[in-house]
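I opened the structure to look up its pockets, its nonpolar cores and its salt bridges, and these are my entries.

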Amino acid sequence: GDGNNVALSLAALCGRLGIGFTLGCPKGYELKDDFVSMLNKECPSMKFRMTNDAADAVKDACTVYTDVWASMGQEEEAAERKRIFAPFQVNEALMAKAPKDSIVLHCLPAHRDEEITDGVMESAASKVFDEAENRMHINRALFAVLSGNA
């Protein structure tokens, strides 16, 4: 996917937890150099890489994470992004190139059959809805703490 807010957050979290991170995205949509420099400085032992080849990105992945191709504020770019990102669709053919026990995540809402196919979204590998449920419980806990009701 895009080197956007989701990719930035995941890369930063993975670096701090000692988890390897690979961003697979079209050329020109990588994480910005200043962020990569900061990540390398703060997490020097992190296995971090970027690739413009979707199959290469998933070849060793324990988790394949995708997000929408056009975020809020990028609506005018949606058609062009759909064309550019099409080779990065998380579909059955791409998942066949990942390890057999890989899981699939998406932060939702998803544009089904755009960044992720229905088949993958509904597959045994998909933990998308578990992720959404867990996020709901975390958000409820945060609201309780922040409102003083914890």
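**Pockets**

I began with the lining of the largest pocket, to which H1, S1, strand S2 (48–51), helix H3 (54–58) and strand S3 (63–66) each supply at least two residues. I keep in mind throughout that this is a predicted model. H1 gives the most to that lining, with 6 residues. The pocket holds about 860 Å³ of space, and of the 35 residues that line it, Phe21, Thr22, Thr63, Val64 and Tyr65 lie nearest its centre. Sorting the lining by character, I noted 22 nonpolar, 7 polar and 6 charged residues.

I then turned to the second largest pocket, where about 250 Å³ of space lies. Its lining includes Asn5 and Val6, then Asp67, Val68, Ala70, Ser71 and Met72, and also Cys107, Leu108, Pro109 and His111. By character, this lining divides into 7 nonpolar, 3 polar and 1 charged.

**Nonpolar cores**

Next I looked up the largest nonpolar core, which has 17 residues, and found that Phe21, Leu31, Leu39, Met46 and Phe48 touch the most other members. Helix H1 (5–17), strand S1 (21–24) and helix H2 (33–42) are the elements that give two or more residues to this core, and the largest share, 4 residues, comes from H1. I followed Leu39 further and, leaving aside its neighbours within four places in sequence, found it in contact with Ala11, Ala12, Met46 and Phe48. There is also a second, separate core of 14 residues, with Val90, Leu94, Ala98 and Met121 among them.

**Salt bridges**

A search of the whole structure gave me 9 salt bridges. In one of them Asp2 pairs with Arg81, with the closest N and O atoms 2.7 Å apart. Asp2 lies in the segment before H1 and Arg81 in helix H4 (residues 78–85), so this pair ties together parts that are 79 residues apart in sequence. I checked the accessibility of the two partners and found both Asp2 and Arg81 buried; Arg81 counts as buried because its relative accessibility is 4%, under the 20% cut-off.

Arg81 also meets Glu77 in a salt bridge, at 2.9 Å from N to O. Glu77, with a relative accessible area of 37%, is partly exposed. Through shared partners, Asp2, Glu77 and Arg81 are joined into one network of salt bridges.

My last entry is the salt bridge between Asp56 and Lys59, whose closest N and O atoms are 3.0 Å apart. Lys59 counts as partly exposed, at 43% relative accessibility.

Key: Residues numbered from 1 in each chain as written. Predicted model: local features only at pLDDT ≥ 70, side-chain atom pairs only at ≥ 80, totals over all residues. Heavy atoms only, no water. Core = buried A, V, L, I, M, F, W, Y, C linked by side-chain atoms within 4.5 Å. Buried < 20%, exposed > 50% of the residue type's maximum accessible area, 1.4 Å probe, protein only. Contact = heavy atoms within 4.5 Å. Salt bridge = Lys/Arg side-chain N within 4 Å of Asp/Glu carboxyl O. 1 Å grid on protein atoms, 1.4 Å probe; cavity = no way out; pocket = protein on both sides within 12 Å on 5 of 7 lines; lining within 4 Å. Points joined across faces, edges and corners; volume = space filled by probe spheres on them. Nonpolar A, V, L, I, M, F, W, Y, C, P; charged D, E, K, R; others polar.
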